[in-house]
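Student: Could you take me through one part of this model up close? I'd like to see how the helix and the sheet sit together, and then look at a single residue.

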Amino acid sequence: MQPTSAYVTPSGCHLRVDKNIGRGNYGIARAVTNAKGEVFCVKELLVCQHDTNAKMQVLQEVRVMEKMCAHPNIVKFIESWIQRDRLYILMELCSNGPLDRLIKRYNTT
């Protein structure tokens with residue numbers, strides 16, 4: 001993935017990239033800051049660029065997650081969009097690191 005220094009969401013929110021915080025097989029997670037100084041996470045995921053139906057299906061699934069996963073113990077979804085061959089998901093930043101690392105650390109069984 002190419003280095004990105006900023007994002008502008010479809011709702012017009014300008015986000016400055018602070019640092020990369022994770023990388024996986026399909027994308028990267030970045031800590032970003034808005035104009036008010038609030039810190040969030042943007043996940044940038046590669047999607048098939050030639051299949052418009054697949055892109056729309058992925059975006060639809062994200063929107064379903066947004067509506068069905070509103071709970072204080074679940075990472076808050078803020079916004080998503082597709083641009084070229086990337087799906088971007090703007091969400092609450094969980095500053096304690098990846099969940100799998102926390103589970104391993106506190107697993108007592």
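Tutor: Happy to! In this predicted model, start with helix α1, residues 52-68, which lies across β5 and β6. Compare its direction with that of β5, and you will find an angle of about 175 degrees between helix α1 and β5.

Now look at the two strands under discussion. β5 covers residues 77-83, and β6 covers residues 86-92. These strands run antiparallel, joined by 6 bridges. To pick out one position along the pair, find Phe 77: standing opposite Phe 77 is Met 91 in β6.

Next, step back to the sheet that holds them. The sheet is open and has 6 strands with antiparallel pairing, in the order β1-β2-β3-β4-β6-β5. At its edges are β1 (6-8) and β5, each of which pairs on one side only. From one strand to the next, the twist averages 30 degrees. In general, the strands of a sheet pair through backbone hydrogen bonds.

For your single residue, let's visit His 14, found in strand β2, residues 14-23. His 14 counts as exposed because its relative accessibility is 53%, and the cut-off for exposed is over 50%. Exposed as it is, His 14 still has contacts beyond its neighbours within four places in sequence: Tyr 7, Val 8, Thr 33, Asn 34 and Ala 35. Take Thr 33 from that list: His 14 and Thr 33 are 19 residues apart in sequence, and their C-alpha atoms are 8.3 Å apart in space.

Technical notes: Residues numbered from 1 in each chain as written. Predicted model: local features only at pLDDT ≥ 70, side-chain atom pairs only at ≥ 80, totals over all residues. Heavy atoms only, no water. Pairing = 2+ DSSP bridges. Helix = DSSP H or I, 4+ residues; strand = E, 2+ residues; numbered from the N terminus. Axes fitted to C-alpha atoms, helices over the stretch in contact; angles between N-to-C directions. Contact = heavy atoms within 4.5 Å. Buried < 20%, exposed > 50% of the residue type's maximum accessible area, 1.4 Å probe, protein only.
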